[in-house]
Amino acid sequence: MGLNRRNFLGRGIGAGLGIAALAAPMVAAQGRPRVIVVGGGAGGASVARHLAQDSDGAIDIILIEPTRSYYTCFFSNLYLGGLREMATLAHGYGRLAADYGINVVHDWVVGVDRDRLEVALAGGGRLGYDRLVLSPGIDFIDGALPGWSVAAQNRMPHAYKAGSQTELLRAQVDAMRPGGTFALVAPPNPYRCPPGPYERVSMIARRLRATNPTARILIVDPKDSFSKQALFEEGWQAHYPGMIERIGPDFGADRIELRPERMEIVIDGMVEAVDVCNAIPPMKAGRICDLAGVSEGYWAPVVPATMQARADPAIHVLGDAALQGDMPKSAFSANSQARVAAMAIRAALTGARAFPPRFTNTCWSLIDAEDGVKVGATYEATEDRIARVDGFVSQPGEPAALRRATYRESLDWYAAITRDMFG
Ligand code: FAD
């Protein structure tokens with residue numbers, strides 16, 4: 001590859017923040033450097049807004065996202081539980097354009113030319129970048145859940161990308177026959193939002209307790225254990241006694257086949273008829289990471305201190321798609337990583353100062369109305385991984401007032417993170 005202005009800026013500077021200050025005046029002399037952000041979710045919208053806010057017009061920022069309304073997966077389980085309206089989960093990009101000068105393009109990125117530093121859009125155009133940020137979230141691994149494919153997602157919804165799938169799942173639960181069986185097929189590690197499937201079970205139990213109290217909930221789980229297990233199990237016992245049953249790998253839950261046409265789950269050869277099946281398949285980084293050539297296996301390895309792809313220092317990967325170490329795949333994590341990446345990009349492109357990165361995460365879950373629990377940690381960047389420093393988790397047997405306070409905290413967090421993403 002020849003050394004031209006674009007790949008010099010993108011690759012030379014990206015290789016080490018130490019030379020960023022030297023290179024910055026050259027960038028300014030040739031016009032504003034450009035950052036393209038792919039994906040307007042927790043990682044992408046956050047990095048775009050932070051870059052715009054902190055660089056004071058010095059960087060040209062393009063955010064590419066196909067949908068005009070982003071529905072947060074976070075709090076979508078509360079919609080399933082009847083505690084939130086769908087409209088409260090929807091967020092538009094108008095303020096990012098109007099208040100922050102971000103060029104929001106509603107399109108899919110379908111290719112990345114790393115030599116030319118260009119992305120290709122489904123709509124036909126090509127756009128050049130100095131730095132590219134990929135935060136595409138997750139896709140499902142083709143064929144990894146036997147019998148299931150996206151063609152079957154209306155029969156057996158995943159509801160793991162929020163929006164119409166979430167509405168479909170709630171409609172199916174509401175239409176379930178009295179005393180019917182709701183099954184949730186949980187994914188193997190690693191996956192988006194470790195407590196998500198179990199909060200979902202809690203919220204669906206809450207809904208069924210009111211509308212269909214003799215219904216049964218079956219969790220088919222390929223994992224031996226799961227996030228906040230003791231807290232969920234205690235809560236299920238207290239709020240939904242006798243309603244929820246979990247089958248683990250010891251009973252064949254890691255050897256299943258789905259039959260969407262017949263509404264059956266075959267568990268280690270035994271056929272289980274179900275009325276609603278929430279099938280959450282094994283996950284991988286959003287496909288654009290494969291197309292860009294930054295994935296290794298199912299995820300995209302990154303340099304912890306800057307979130308640069310190991311495969312290409314001109315590309316940063318954030319959020320669920322990144323293989324980074326100890327942080328769970330959550331919106332909180334994606335937002336925390338976005339702040340670190342924004343600082344690194346600004347340092348590289350404008351010579352701004354970069355501070356040692358710190359990462360944090362908290363995952364709240366709701367077990368019943370106002371019965372909130374949480375788990376969280378702080379992290380630091382080491383050479384090879386984002387490493388956990390210390391953490392906390394709610395305890396079984398906590399008083400109702402503390403659980404209510406924990407839930408209220410999560411409402412404040414939702415308001416704060418969506419403001420941080422969308423302005
Ligand atoms: P996303 O937020 O999914 O954003 C990806 C965006 O990229 C999408 O808008 C997509 O349209 C776009 N995109 C993809 N490919 C392309 C392309 N080729 N071109 C252009 N755009 C593209 N996290 C929490 O912190 N707290 C919670 O309480 C919580 N609860 C959850 C509950 C559920 C049920 C689920 C499913 C998830 C929950 N999460 C929670 C996890 C959280 O939603 C994700 O971890 C977070 O959204 C990841 O951010 P991201 O930027 O990686 O991906």
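Here are some worked exercises on the structure above.

This is a predicted model, where local features need pLDDT of at least 70, side-chain atom pairs count only at pLDDT 80 or more, and totals for chains, interfaces and linings use all residues. Residues are numbered from 1 along each chain as its sequence is written, and side-chain values use heavy atoms, with hydrogens and water left out.

**Exercise 1: a helix**

Task: Check the span of helix α7 (residues 196-211), then find how many of its residues are buried.

Solution:
- Step 1. Helices (H or I, at least four residues) and strands (E, at least two) are DSSP runs, numbered from the N terminus.
- Step 2. The expected span is 1.5 Å times one less than the number of residues. With 16 residues, α7 should therefore span 22 Å, and its end C-alpha atoms are indeed 22 Å apart.
- Step 3. Buried means under 20% relative accessible area, exposed over 50%, and partly exposed in between (1.4 Å probe, protein chains only). By this rule 12 of the 16 residues of α7 are buried, including Tyr 198, Glu 199, Arg 200 and Met 203.

**Exercise 2: aromatic rings**

Task: Classify the pair formed by Trp 364 and Trp 413, and place both residues in the chain.

Solution:
- Step 1. Rings of Phe, Tyr and Trp (its six-membered ring) pair if their centres lie within 6.5 Å; planes under 30 degrees apart count as stacked, over 60 as edge-to-face and the rest as tilted. The whole structure holds 14 aromatic pairs.
- Step 2. For Trp 364 and Trp 413 the centres are 5.5 Å apart and the planes lie at 35°, so this pair is tilted.
- Step 3. Trp 364 belongs to strand β23 (residues 358-368) and Trp 413 to helix α11 (residues 400-422), so the pair links parts of the chain 49 residues apart. Both tryptophans are buried.
- Step 4. Widen the view: Phe 74, Phe 75, Phe 332, Trp 364, Trp 413 and Tyr 414 form one aromatic cluster.
- Step 5. Look for a charge over a ring (NZ of Lys or CZ of Arg within 6 Å of the ring centre and within 35 degrees of the ring normal). Arg 84 lies over the face of Tyr 414, 4.6 Å from the ring centre.

**Exercise 3: the ligand**

Task: Describe the surroundings of the ligand.

Solution:
- Step 1. Count neighbours, meaning residues with a heavy atom within 4 Å. There are 34 around the ligand, and the closest are Gly 43, Glu 65, Tyr 70, Arg 192 and Asp 320.
- Step 2. Look at polar side-chain atoms and oxygen atoms of the ligand: Tyr 70 has such an atom at 2.5 Å, Arg 192 at 2.6 Å and Asp 320 at 2.7 Å.
- Step 3. The protein covers 93% of the 1,000 Å² of accessible area that the ligand has on its own (Shrake-Rupley method, 1.4 Å probe).
- Step 4. α3 (42-55), α4 (76-80) and α10 (331-350) each give two or more residues to the shell, and α10 gives the most, with three.

**Exercise 4: backbone exceptions**

Task: Which peptide bond is cis, and is Ala 159 buried or exposed?

Solution:
- Step 1. Recall that most residues other than glycine have a negative phi, and most peptide bonds are trans.
- Step 2. A cis bond joins Asn 189 and Pro 190, with omega about -10°. Pro 190 is in the loop between β11 (181-185) and α7.
- Step 3. Cys 193, in the loop between β11 and α7, has a positive phi near 60°. Its relative accessible area is 27%, so Cys 193 is partly exposed.
- Step 4. Ala 159 has a positive phi near 50° and lies in the loop between β10 (138-140) and α6 (164-174). At 1% relative accessibility, Ala 159 is buried.

Key. A polar contact is a pair of N or O atoms within 3.5 Å; within protein, one must be able to donate a hydrogen and the other to accept it, and residues adjacent in sequence count only if both atoms are side-chain atoms.
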